[in-house]
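Here's a quick tour of one helix and one enclosed space. Have the sequence and the 3D view open as you read.

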Amino acid sequence: MNTYVLTVRCASRRGLVAAISGYLAEKGCNIIDSAQFDDQETGRFFARISCQPETGISLEDLREGFQPVAEEFDMDWGLHDSSERMKVLIMVSNFGHCLNDLLYRWRIGALPIDIVGVVSNHLTYQKLVVNHDIPFHHIKVTKENKPEAEAKLMDVVRDSGAELVVLARYMQILSDTLCKEMSGRIINIHHSFLPSFKGANPYKQAYERGVKLIGATAHYVTADLDEGPIIEQDIVRVTHAQSPADYVTLGRDVESQVLARAVHAHIHRRAFLNDDKTVVFPASPDSYRSERMG
């Protein structure tokens with residue numbers, strides 16, 4: 001039985017939940033999972049509802065019938081088949097831990113996505129990517145050719161049909177124009193020392209300052225460098241007995257995990273932009289089912 005996922009974001013109004021659930025019931029859909037949040041500060045309503053049609057109604061008919069409800073409440077909404085894999089483009093430079101982790105999770109079905117390509121400004125991981133039968137695009141970036149390089153990148157995005165771009169330690173700053181065009185569709189990972197430890201060797205700086213916790217942050221990319229809406233974070237404890245090399249090892253491990261969880265939230269449509277923040281609903285049963293199907 002197909003499982004459909006309805007996502008809704010709009011101004012909060014009385015009757016929203018009744019209108020949504022009433023429509024689904026009318027069309028013979030059984031709600032199997034539902035999450036909602038009413039933000040009292042912004043006055044916005046967010047919902048993610050998983051349902052299964054028991055009448056054989058098609059996804060297209062369900063979408064068409066929901067349109068009047070969406071218009072009445074001025075909703076930003078989507079209705080998707082949970083079995084359809086999101087098309088993802090990965091970007092990487094010379095650090096491959098996040099790329100390797102994503103490829104492994106994709107290969108075993110823990111991350112049910114279609115990787116439509118990998119873009120890099122280096123050739124370091126070309127063989128790895130090609131050996132996975134994934135298209136590899138080498139786009140060299142310099143100060144002089146940056147506009148042309150970004151134009152090539154957008155050609156790859158359009159030609160591949162990529163719905164999400166994942167910066168798996170891609171060490172080039174994207175232009176404001178590209179960030180705005182791809183708003184809500186680019187996820188980045190970075191160590192959580194920013195802005196305390198900027199520049200080169202952040203883990204060495206952390207070691208020298210005797211930090212006790214290191215971590216990572218995954219966020220949507222905006223024109224403000226490393227300050228986009230946060231999707232996922234995590235930390236790991238360190239001690240005085242560990243070396244800078246230990247910090248790097250632990251840091252890369254937590255970066256990989258945090259990025260994977262952020263991508264998981266996005267592809268299952270659990271992450272919603274809410275101005276400079278996000279609303280991220282917990283993983284639902286249908287997301288685990290789709291993992292097993294993958």
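What follows is a short look at a predicted model, starting with a helix and ending with a cavity.

## Helix H1 and its two sides

Let's start with H1, which runs over residues 16-26 and buries Leu16, Ala19, Ile20, Tyr23 and Leu24. Look down the helix axis and those buried residues sit within an arc of 125°, so they line one face of H1. The spacing fits a general rule: an α-helix has 3.6 residues a turn, so residues three or four places apart point the same way.

Flip to the face turned away from the buried side and you'll find the exposed residues Ala18, Ala25 and Glu26.

## What H1 packs against

What do the buried residues of H1 pack against? Three strands and a helix: E1 (4-11), E2 (29-39), E3 (44-53) and H2 (59-72). After H1 comes Gly28, and its phi is positive, near 75°.

## The cavity

Now for the empty space. Rolling a probe the size of a water molecule over the atoms shows where such space is left. Searching the whole structure turns up one cavity of 30 Å³ or more, and the largest cavity has a volume of about 80 Å³.

Which element gives the most to the lining of the largest cavity? That's helix H5 (residues 146-160), with four residues. The lining includes Lys146, Ala149, Glu150 and Leu153, along with Met91, Val119 and Tyr170, among others. By type, the lining residues split into nine nonpolar, one polar and two charged.

Technical notes. Residues are numbered from 1 along each chain as its sequence is written. This is a predicted model: local features need pLDDT of at least 70, side-chain atom pairs count only at pLDDT 80 or more; totals for chains, interfaces and linings use all residues. Side-chain values use heavy atoms; hydrogens and water are left out. Buried means under 20% relative accessible area, exposed over 50%, partly exposed in between (1.4 Å probe, protein chains only). Helices (H or I, at least four residues) and strands (E, at least two) are DSSP runs, numbered from the N terminus. The arc is that of the directions from the helix axis to the C-beta atoms. Contact means heavy atoms within 4.5 Å. On a 1 Å grid over the protein atoms alone, a cavity is a set of points where a 1.4 Å probe fits but cannot get out, and a pocket is an open set with protein on both sides within 12 Å along at least five of seven lines; lining residues have an atom within 4 Å of a point. Grid points are joined across faces, edges and corners, and a volume is the space filled by probe spheres set on the points. Ala, Val, Leu, Ile, Met, Phe, Trp, Tyr, Cys and Pro count as nonpolar, Asp, Glu, Lys and Arg as charged, and the others, Gly among them, as polar.
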